[in-house]
Amino acid sequence: MSKSDLTHKIYPEPVGDEIDHFDDLPDSLLLLIFNQIGDVKSLGRCCLVCRRFHSLVPQVDNIFVRVDCVISDEESSSSGSTSSSVSKSNSPFSSLFRFMFGGIVKPLTTITQFLQFKRSVSSGGYGSNLSSLSVNGEDYEELDQGGVTHHSPTQVLKNFSEIKVLRIELPSGELGIDDGVLLKWRADFGSTLDNCVILGASSVVNCKGLENGGGNLSSEDDNGSIPESFYTNGGLKLRVVWTISSLIAASARHYLLQPIICEHKTLDSLVLTDTDGQGVLCMSKDQLEELRVKPLSASSASKRTLVPALNMRLWYAPQLELPDGSVLKGATLVAIRPSEQTVIKKEVADGSWVCSAFEEPYRTAAKMLIKRRTYCLEMNSF
């Protein structure tokens, strides 16, 4: 085969007026494809392809927003004074970043620093230095040529008119925890907190290969009772930090979502998570509607939703061996609901809502812990 024949095979010559068969696809099929894409940055780029795409993308009902980077409060406050120097930067790298959607003003500082045990847990004397959430990057059509333009999530999503499912992913969890420590939480909100489940462990050890099979409790445990040392060696104090920190992180996320919820009345599901898998905030269709009808109560100390008075149930195991071979040291499960909730649904009574809060292998850990002795606690609103 000659070289010219190969060239014709790779680059066939057009024959007459070729038909673009992609134009024959119905709008409904294109919307299915766009909904599978989901990512708001990719959809923004699709808008630039042609007029047809530009008119269809705003109708996408399944959106995923991935936040690429975090800007500290200090950087945000000084951005005005440094705007002139930023505008002078016209390097290829700065131009590239103007076309990359991403970046938020960090909604939370590392809150473990402000949890001071000089105050009682029930006093509600905990606060945080929170800022508003904003996103920088591309507004699909308009760019700040002098530097990176900042937008709130409400502005980023304003071109989408039919959003039903929205998932937002932060670049990391808000809680600064030591290496090896396990801390996961899930919270459901309406106009206020509906429930929260927290799973923690002081360390996670991979014991694959040990002769003992997984799914067992250590021989050290005392039929589900918490050992006396738990109260004296700082174990209880640490769990209190985990609980309050998780609740503050969840309530801050909820507060920042209010403008989006009010703007997009078609929303059926909203999830705000992070790449670390540390925390998940969920809102169903009924909970979203509740927030629109009954506005949230904001904390007077910071930009977050007020946490109501709570009833909590706690389960503890000094050591928990999971079927995958990992061992949770100091495994703790906390289930939280507002005190004012007097109607006990079936899923509340049987604890299924607690176990379903996490993916495997942590769902198994929750199922194992919930069978142990239950300790009840109360916490005032804060």
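Which residues form a nonpolar patch on the surface? Leu 29, Leu 32, Ile 33 and Ile 37 do, and together they have about 320 Å² of accessible area. Leu 29 belongs to helix H2. This residue counts as partly exposed, because its relative accessibility is 35%. The model described here is predicted.

**Salt bridges**

The whole structure holds 7 salt bridges. Three of them are tabulated here.

| Pair | Closest N to O distance |
|---|---|
| Arg 66 and Asp 39 | 4.0 Å |
| Glu 169 and Arg 66 | 3.4 Å |
| Arg 292 and Glu 289 | 3.2 Å |

Take the bridge between Arg 66 and Asp 39, with its closest N and O atoms 4.0 Å apart. The pair links distant parts of the chain, 27 residues apart. Arg 66 sits in strand E1 (residues 62-66). Asp 39 sits in the loop between helix H2 (27-37) and helix H3 (40-47). Asp 39 is buried, because its relative accessibility of 11% falls under the 20% cut-off. Arg 66 is partly exposed, at 36% relative accessibility.

Arg 66 also meets Glu 169 in a salt bridge, 3.4 Å from N to O. Glu 169 lies in strand E6 (residues 165-170) and Arg 66 in strand E1, so this bridge ties together parts that are 103 residues apart in sequence. Glu 169 counts as buried, with a relative accessibility of 14%.

The Arg 292 and Glu 289 bridge is local. Both residues lie in helix H11 (residues 285-293), 3 residues apart, which is about one turn of the helix. Why can side chains at that spacing meet on one side of a helix? An α-helix has 3.6 residues a turn, so residues three or four places apart point the same way. Arg 292 is buried at 18% relative accessibility. Glu 289 is partly exposed, with a relative accessible area of 42%.

Shared partners join Asp 39, Arg 66 and Glu 169 into one salt-bridge network.

**Aromatic pairs**

How many aromatic pairs does the whole structure contain? The search finds 3. Phe 34 and Phe 53 form an edge-to-face pair, because their ring planes stand at 85 degrees, with the centres 5.2 Å apart. This pair links distant parts of the chain: Phe 34 is in helix H2 and Phe 53 in helix H4 (residues 51-56), 19 residues apart. Both Phe 34 and Phe 53 are buried.

Phe 230 and Tyr 316 have ring centres 4.5 Å apart and planes at 50 degrees, so their pair is tilted. Phe 230 is in helix H9 (residues 229-232) and Tyr 316 in strand E12, which puts the two 86 residues apart. Phe 230 and Tyr 316 are both buried. Ring pairs also bring in Tyr 231, giving a cluster of Phe 230, Tyr 231 and Tyr 316.

A charge meets a ring elsewhere. The charged end of Arg 337 sits over the ring of Trp 353, 4.9 Å from the ring centre.

**Helix H14**

Which residues of helix H14 (residues 362-369) are buried? They are Thr 364, Ala 365, Ala 366, Met 368 and Leu 369. What covers these buried residues includes strand E8 (193-201), strand E12 (310-321), strand E13 (326-338) and helix H13 (352-355). Strand E12 thus appears twice in this account: as part of the cover of H14, and as the strand that holds Tyr 316.

How values were computed: Residues are numbered from 1 along each chain as its sequence is written. This is a predicted model: local features need pLDDT of at least 70, side-chain atom pairs count only at pLDDT 80 or more; totals for chains, interfaces and linings use all residues. Side-chain values use heavy atoms; hydrogens and water are left out. Buried means under 20% relative accessible area, exposed over 50%, partly exposed in between (1.4 Å probe, protein chains only). Helices (H or I, at least four residues) and strands (E, at least two) are DSSP runs, numbered from the N terminus. Contact means heavy atoms within 4.5 Å. A salt bridge is a side-chain nitrogen of Lys or Arg within 4 Å of a carboxyl oxygen of Asp or Glu. Patches are made of residues with over 30% relative accessible area and no salt bridge: like charges are joined within 9 Å, nonpolar side chains (Val, Leu, Ile, Met, Phe, Trp, Tyr) within 5 Å. Accessible areas come from the Shrake-Rupley method with a 1.4 Å probe; for residues, only the protein chains shown count as cover. Rings of Phe, Tyr and Trp (its six-membered ring) pair if their centres lie within 6.5 Å; planes under 30 degrees apart count as stacked, over 60 as edge-to-face and the rest as tilted. A charge sits over a ring if NZ of Lys or CZ of Arg is within 6 Å of the ring centre and within 35 degrees of the ring normal.
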